[in-house]
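Colleague: I should be grateful for a close look at a single part of this model. Please choose one element and describe its surroundings in a connected account.

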Amino acid sequence: MTSRELIQKLEKERDLTDAGFVQLIRGILPDEEEELFARARAVREAVYGKAVYVRGLIEFSNICRNDCYYCGIRKSNAKVDRYRLTPEEILLCVREGYGLGFRTFVLQGGEDPWYTKERMADIIHSIKKEFPACAVTLSIGERTKDEYRCWYEAGADRYLLRHETADEEHYRRLHPADMSLSHRMECLYTLRELGYQTGAGCMVGSPGQTVDNLVSDLRFLQELKPHMIGIGPYLSHQDTPFSNEPDGSYRLTLVLLGILRLMFPGVLLPATTALGTIAPDGRERGLLAGANVLMPNLSPSGVRKKYELYDNKICTGEESAQCMDELKRRVESVGYHVVTDRGDSRIENGRRRIDE
Ligand code: SF4
């Protein structure tokens, strides 16, 4: 089969054989990429129209108990200037974001035990009490089922937990021995079972990643059926063991966005900050490849630079939430428009009760 035939088959059947995915990922040519992106846009527009959802990202702690080899804020990096936002500071960010038009807030941080079950529940509860129409997304790593349940009951709607790689051997290459792929996957299934709109995802081009690994990621996503999939190019950080590893491919990330849109028509697919870091128009190109979500930064400007997962993260200027007009202009320049609503996944809307 040619790449064009594979793209058509993928659009029709939402799946390919492993060999088909490998061939498409390895062999797609630039004009075939344009066909993939055009079909991905058509599928995305059939489900979501021209709407682009925005989420206000609040990076509330750069303290982490883990030591992932690829991460700039890993616990062994002594050069990081560590910070935590207080519950009141987090609420101030939400208030500011609400005024700017945000109706989803993503609370993201390292795995920081200071934010206990009770503290997080209080934060979530106070946000939902003041802004009941808004969605709260958590992105704070692997925690216990009891904690996940408590936060869901406090009002959290969504949870992002990238699986990073679905291949055991590759996972070992990226993480120290005290972390495990099976536990990460267990957390994802637990979150889904509890009723969260759940997001998984991986880096593209992380050290040691093969095309077969990427196919394993696609298979895992088919099995998990997440509501959101976050992917971005791997970008190296100078103070990690992977400082000399090359960055991931911008082009391959776009191709994977297109493939994911054809596989999962109703999924929420962000054009990530990493994509905007690797190329100035990366996020716009992501939207044109099938993405439909942007997550501008709402963190206080004084801490943005300290949440540096990789080198040169865009974090001080027009990517921030405060520049909504610029963001809207960028989105409109590629034929879409920013909408101000919760932007739930079309896979499974709204909350469902835990005991269903
Ligand atoms: S990737 Fe996440 S869990 Fe791993 S060290 Fe960084 S912040 Fe911590």
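Modeller: The account below concerns one strand and its neighbours, followed by a helix linked to that setting. The model is a predicted one.

The strand chosen is β7, which comprises residues 228-233. Six of its six residues are buried, so β7 is largely enclosed by the rest of the structure. Its side chains alternate in direction: Met 228, Gly 230 and Gly 232 point one way, while Ile 229, Ile 231 and Pro 233 point the other way, and all are buried.

Within the sheet, the partner of β7 is strand β6, residues 197-204, and the two run parallel, joined by six bridges. Along this pairing, Gly 201 faces Gly 230 of β7, and Val 204 stands opposite Pro 233. The connection between the two strands passes through helix α9, residues 211-224; together β6, α9 and β7 make a right-handed β-α-β unit.

The wider sheet is open and consists of six strands in the order β2-β3-β4-β5-β6-β7, with parallel pairing. Its edges are β2 (56-61) and β7, each of which pairs on one side only. From one strand to the next, the twist averages 20°. Thus described, β7 is an edge strand whose six residues are nevertheless buried.

Two further helices belong to this picture. Helix α8, residues 181-194, packs on the sheet and touches β5 (158-160) and β6, its direction making about 150° with that of β6. Helix α10, residues 250-263, lies across β6 and β7 and runs at about 165° to β7.

Helix α10 also leads to the N-terminal part of the chain, since it is among the elements that cover the buried residues of helix α1. Helices α2 (18-27) and α3 (30-48) are likewise included in that cover. In α1, residues 3-13, the buried positions are Ser 3, Leu 6, Ile 7 and Leu 10. Viewed down the axis of α1, these buried residues fall within an arc of 100°, so they line one face of the helix. The general background is that an α-helix has 3.6 residues a turn, so residues three or four places apart point the same way. Just after α1, Arg 14 adopts a positive phi of about 60°.

In summary, β7 pairs in parallel with β6, and helix α10 lies across both strands.

Technical notes:
Residues are numbered from 1 along each chain as its sequence is written. This is a predicted model: local features need pLDDT of at least 70, side-chain atom pairs count only at pLDDT 80 or more; totals for chains, interfaces and linings use all residues. Side-chain values use heavy atoms; hydrogens and water are left out. Buried means under 20% relative accessible area, exposed over 50%, partly exposed in between (1.4 Å probe, protein chains only). Helices (H or I, at least four residues) and strands (E, at least two) are DSSP runs, numbered from the N terminus. Two strands pair if DSSP finds at least two bridges between them. A crossover is right-handed if, with the strands pointing away from the viewer, the path from the first strand over the helix to the second runs clockwise. Axes are lines fitted to C-alpha atoms, for helices over the stretch in contact, and angles run from 0 to 180 degrees between N-to-C directions. Contact means heavy atoms within 4.5 Å. The arc is that of the directions from the helix axis to the C-beta atoms.
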